[in-house]
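Here is a short tour for anyone who likes to look at rings, strands and pockets together. Have the viewer open as you read.

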Amino acid sequence: MYREFEKYILSNNLLQQHQKILVACSGGADSMCLLHLMQQLAACRQIKLAVCHVNHQLRATESEQDAAFVRNYCQTHGLEFELVAVQVQEFAKQQALSIEQAARHLRYQALYQVMSRLGCDLLATAHNKNDQVETFLLNMLRGAGIAGLKGMLPKQGNIIRPLLDTERSLIESFCVANNLSYCHDSSNDSHEYLRNRVRHELLPSLKEYNPNILETIAANMQNLRCDALYLEQQAKTIAATILQLHQNSAFPVVHINLGKFTKLNQAMATRVVLLAIENLLGHTQGINRKQLLKIYELAQEQSGAKQLKLPHGLLLKKTYTELTISFDAATIARTSPVVLNIQQTGNYSFSGAELSVTQEYHCSKPQSTASTLYIPLEIAQAGIIVRSRQSGDYFALKNGGRKTVKSFFIDQKISKEQREQVPLLYLGNKLLCIMGYRLISSEFSSTDQNYLVIKYKKNKI
């Protein structure tokens, strides 16, 4: 198995010599197999390893036992080890997230913090072929399109997945053959969760029809990835010629040239619409194929003015010359806030705006503004969240009092619709900035001269 593991790493260019890799290790069979194989790789490839276990504190004694197991393994094998405990339930309640969303956010936040602290170049996770197929089936059951069915990549940013092409049965056999002990997460046995039902019920049933179902689905996913990448590139090229994003006094509006739009085939037209919606919302969650087809059919009709209500308070209007998508002041309603977890550098979309996140070195302290924040890297490790407003949001005043974000919006004469599009930047539980409007705090007790730089700007199509 090691030879296939090494071959997969080399063929996908997952890492280079002299790099330091942080291995995320839960203690389960997948991560213990990954750790063991990475140890073998390190012995002959001039790479360094460190290990991090994140305790989500969701399974009481069992969680503590898993953490102790991984720690003991690392001590026995002389591996650099970090243990991080996170409060998932409290964070989920605080940020209005599901337990799964909160756990994932806190886990990756912890892993990135450890990477920075230990000077690691890459993060290795133990996602395998079964995880890929399960995710494919889950997304298919939820009605995802090609973008949701293409699966994870072997390398994405600074995350590598060396076991992505390996079946779980081979992983478990490898652990047995090499006398590798591992922990068992009892929550994986529960049929309460849809993923577990897919794993324990749906996949075994599919294997009765096709014993090689994992290989079949994995091959299809590879084809979908190639197709999706090509279509995404084509859609962006076309969108640049027929979309325009305009900002008015209330909220952004996307204009679509109707004549050019109606000449597109259905597949490309729906992707262009998704790009338009993403420019307004920063995401396309809740937009389904039925709604996209309605938009396409409406555009093809010869009649004049018509309109169509969409999720998230969006309203599509048709005239003789164009389609417009904007926020409907009468019906806008958000069931949950838009939430971005800033975990690494890159560009993030947020409700008709873009957040550019980079790292910079400054000898002297740079000056933050409402549109550009400089946060010391060691301070940023507390976790940065950018989200839309929630009831009860407030910030501290210099006189010792406090002011609600709602009151601030009213004072600034920001309309109710526009308020939903204003990003609030939090460091941990503290509101630092109402992006584009007010810098609340930029004083940090830190001597770190490396800064995370967050720049806010409105999108232009």
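## Aromatic pairs

In this predicted model, a search of the whole structure turns up four aromatic pairs. One of them joins Tyr 374 and Tyr 451 in an edge-to-face arrangement, with 6.5 Å from centre to centre and 85° between the planes. Tyr 374 belongs to strand β15 and Tyr 451 to strand β22, so this pair ties together parts that lie 77 residues apart in sequence. How accessible are the two rings' residues, Tyr 374 and Tyr 451? Tyr 374 has a relative accessibility of 15% and counts as buried, because the cut-off for buried is under 20%. Tyr 451 is buried too, with a relative accessible area of 8%.

Another edge-to-face pair is made by Phe 395 and Phe 408, whose centres are 6.1 Å apart and whose planes meet at 80°. Here the link runs between strand β17 (residues 394-396), which holds Phe 395, and helix α15 (residues 405-411), which holds Phe 408; the two residues are 13 apart. Phe 395 is buried at 2% relative accessibility, and Phe 408 is buried at 3%. Together with Phe 409, Phe 395 and Phe 408 make up one aromatic cluster.

## The four-stranded sheet

Strands β15 and β22, met above through their tyrosines, also take part in an open sheet of four strands. Its order is β13-β14-β22-β15, and the pairing is antiparallel. β13 (346-350) and β15 (372-376) are the edge strands, each pairing on one side only. From one strand to the next, the twist averages 25°.

Which strand is joined to β14 by nine bridges? That is β22 (residues 450-458), which runs antiparallel to β14. If you would like a specific contact to locate, Leu 355 has Tyr 456 in β22 as its bridge partner.

## The second largest pocket

The second largest pocket holds about 390 Å³ of space. It is lined by 19 residues, and those closest to its centre are Tyr 112, Ser 116, Gln 343, Gln 344 and Gln 359. Sorted by class, the lining has nine nonpolar and ten polar residues, with no charged ones.

Which elements each supply at least two residues of this lining? They are α5 (99-118), β14 (353-361) and α14 (377-380). The largest share comes from α5, which gives five residues. Strand β14 therefore appears twice in this tour, as a member of the sheet and as a contributor to the pocket lining, where a strand is a DSSP run.

Technical notes. Residues are numbered from 1 along each chain as its sequence is written. This is a predicted model: local features need pLDDT of at least 70, side-chain atom pairs count only at pLDDT 80 or more; totals for chains, interfaces and linings use all residues. Side-chain values use heavy atoms; hydrogens and water are left out. On a 1 Å grid over the protein atoms alone, a cavity is a set of points where a 1.4 Å probe fits but cannot get out, and a pocket is an open set with protein on both sides within 12 Å along at least five of seven lines; lining residues have an atom within 4 Å of a point. Grid points are joined across faces, edges and corners, and a volume is the space filled by probe spheres set on the points. Ala, Val, Leu, Ile, Met, Phe, Trp, Tyr, Cys and Pro count as nonpolar, Asp, Glu, Lys and Arg as charged, and the others, Gly among them, as polar. Two strands pair if DSSP finds at least two bridges between them. Axes are lines fitted to C-alpha atoms, for helices over the stretch in contact, and angles run from 0 to 180 degrees between N-to-C directions. Rings of Phe, Tyr and Trp (its six-membered ring) pair if their centres lie within 6.5 Å; planes under 30 degrees apart count as stacked, over 60 as edge-to-face and the rest as tilted. Buried means under 20% relative accessible area, exposed over 50%, partly exposed in between (1.4 Å probe, protein chains only).
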